Amino acid sequence: MKTSNLSGSSSASAPAECIVIGGSAGSIDALINILPALPRDFALPVLVVIHLPPNERSLLAEIFGPRCQLPVKEAEDKEPLAGGTIYFAPPNYHLLVESDFTLSLSSDEPVFYSRPAIDILFETAADAYGNGLRAVVLTGASSDGAAGLRAVHRVGGLCFVQRPDTAEVSLMPQSALEACPAARSLNVQQIARELSAQAGIRPHLT
Amino acid sequence: MAAKTEEIELQLLLEALYQQYHYDFRGYSMASVKRRVAQALVQFKCPSISALQEKLLHDPGLVPHLVAYLTVQVSEMFRDPSYYRALRENVIPHLKTYPSLKVWVAGCSAGEELYSLAILFREEGLESRTIFYATDINADALKKAELGIYDLDRVALFTDNHRKSGGKSSLSDYYTAAYGGVKFDKTLRERTVFSDHSLVSDSVFAEVHLVTCRNVLIYFNRELQDRAIGLFEDALVRRGFMGLGLKESMHFSAHTDSFTPFVLDQRIYQKKG
Ligand SMILES: C[S@@+](CC[C@H](N)C(=O)[O-])C[C@H]1O[C@@H](n2cnc3c(N)ncnc32)[C@H](O)[C@@H]1O
């Protein structure tokens, strides 16, 4: 297994404790290849930030709920994180992880014009989980996620990026790779497999 | 290691701010506070949180600037128009049965929420019998609220929100162009008392029929959320109304039994009779 302490991170990666995923344009399709592949016995919490228009109701839980083997929900403020659950950030709120592994929402300023922002989720989750964190940046037309991924790497977490040439929009994965060259770039099927392996189990790839 | 040290420094900073200046951020959601302190370090040119703490203890002039960082001021008029529509359609008819009304806008920021309500109450013919209390801990924001001046480039959003909330007039009836922005009509705040009040450390100051406190509780931990909602419960008349932000619910609250959901998807609750 590749560890992430090759370029100056503080500690080697530990067993996975939490997964964070961020994506923008094109990422629903990417996620359709990843989230449903996570098996029923997947024991880690999965937190997902997708850039959404601020004033519309999010349909993500409706889209992914029926397709996934794991329970899917919109994250709630002060909710304790549960393993084997997929949480989506609500539109118009940032999603943050507290050090006691509860979630907070915030209405802080948008980052790269977006609220929720991937950077904020990744940075706070990196603080909470340290080298137990696994982070994934998917397709999108933004630089959000790059600083966040670097923060994950800094604490010794493992970083994955959708291979830019397989992304619908390559800017976001490219920015993430520039900010965090130690990240592994993989296609979506490989990401699904890698995440399942992180939790010590095989994915159910369709 | 580094992460742990930072946590300790952060706790000490907040402790200093509390013991010396009575601003109590110790029960706030730390993930957000930590980010904002990191931003403050850059502005105050401090290499560490400890350095900022030392500066703060010896220079009271710094306090308002740090408080400005710690209190997020993001707001807009008629934010979440569906909330104002629900107030208009479901709550106002009840409020119309009272001869006089008191409304508490808690965490009013620079006044966007207050002016939205003042306009709503005027449109619904309730303004003349209402007293508004607009409170916040950010002195600068309160000053802005009292001025009622907003940047021109925000007005299109405000106007759109007002229309979507079921506005019965044109938003432009309520402001004049001034100082490179727009200035809201002072008659809208003639019946408003602006005051410095903390949901963390202050007590109830009036009996009210409606309290609206949006996007403040998400910055508190659960204990503080309970304290704030306890204050609202104490302030409200029997069968009075409480409106929260769209992602703030009574779900995890110690006071669930004291309220009934009134318009649940808009987070409007009614105190039990
Ligand atoms: C994100 S703004 C919300 C503004 C407005 N209510 C809205 O929803 O658009 C949060 C506000 O809460 C205020 N605040 C923070 N802590 C507070 C406290 N302990 N007591 C009262 N207000 C507080 C901040 O100063 C800020 O104005």
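**Chains A and B and a shared ligand site**

Student: How much area is buried between chain A and chain B, and what share of that area do carbon and sulfur atoms give?

Tutor: Keep in mind that this is a predicted model. The size of an interface is often given as the accessible area lost when the parts come together. Here the area buried between chain A and chain B is about 2000 Å², and the share from carbon and sulfur atoms is 46%.

Student: How many residues of each chain are in contact across it?

Tutor: Contact here takes heavy atoms within 4.5 Å. By that cut-off, chain A brings 23 residues and chain B brings 24.

Student: Which salt bridge does A:Glu74 form, and how far apart are the closest N and O atoms?

Tutor: The rule finds 5 salt bridges across the interface of chain A and chain B, against a count of 25 over all chains. For A:Glu74 the partner is B:Lys247, and the closest N and O atoms are 2.7 Å apart.

Student: Where do the two ends of the salt bridge between A:Glu109 and B:Arg36 sit?

Tutor: These side chains meet with an N to O distance of 3.6 Å, and the cut-off is 4 Å, so the pair counts. The pair crosses between chains: A:Glu109 is in the loop between β6 and α3 of chain A, and B:Arg36 is in helix α2 (residues 30-43) of chain B.

Student: How many residue pairs are in polar contact between chain A and chain B, and which element gives the most to chain A's side?

Tutor: The count of residue pairs in polar contact, both at pLDDT 80 or more, is 16. On the side of chain A that touches chain B, the elements giving two or more residues are β5 (94-97), β6 (103-106) and α3 (118-129). The one that gives the most, with 4 residues, is α3(A).

Student: And what is the make-up of that side of chain A by class?

Tutor: Sorting the residues of chain A that touch chain B by class gives 7 nonpolar, 5 polar and 11 charged.

Student: Why is the ligand site called shared?

Tutor: There are 22 residues around the ligand, and those that come nearest are B:Tyr28, B:Ser75, B:Arg79, B:Glu113 and B:Asp136. The site still counts as shared because the residues surrounding the ligand come from chains A and B.

Student: How much of the ligand does the protein bury?

Tutor: Look at the polar atoms first: a polar side-chain atom of B:Ser75 is 2.6 Å from a ligand oxygen, and one of B:Ser198 is 3.3 Å from a ligand nitrogen. B:Arg214 uses a backbone N or O atom, 2.9 Å from a nitrogen of the ligand. Taken alone the ligand exposes 610 Å², and the part the protein buries is 98%.

Student: What backbone oddities are there at A:Phe101 and A:Pro116?

Tutor: Most residues other than glycine have a negative phi, and most peptide bonds are trans. A:Phe101, in the loop between β5 and β6 of chain A, has a positive phi of about 65 degrees. A:Pro116 lies in the loop between β6 and α3 of chain A, and the peptide bond from A:Arg115 to A:Pro116 is cis, with omega near 10 degrees.

Conventions. Residues are numbered from 1 along each chain as its sequence is written. Chains are lettered from A and ligands numbered from 1 in the order in which they are written. This is a predicted model: local features need pLDDT of at least 70, side-chain atom pairs count only at pLDDT 80 or more; totals for chains, interfaces and linings use all residues. Side-chain values use heavy atoms; hydrogens and water are left out. Buried area is the accessible area (1.4 Å probe) that two parts lose on being put together, summed over both. A polar contact is a pair of N or O atoms within 3.5 Å; within protein, one must be able to donate a hydrogen and the other to accept it, and residues adjacent in sequence count only if both atoms are side-chain atoms. Ala, Val, Leu, Ile, Met, Phe, Trp, Tyr, Cys and Pro count as nonpolar, Asp, Glu, Lys and Arg as charged, and the others, Gly among them, as polar. A residue is near a molecule or strand if one of its heavy atoms lies within 4 Å of it. Accessible areas come from the Shrake-Rupley method with a 1.4 Å probe; for residues, only the protein chains shown count as cover.
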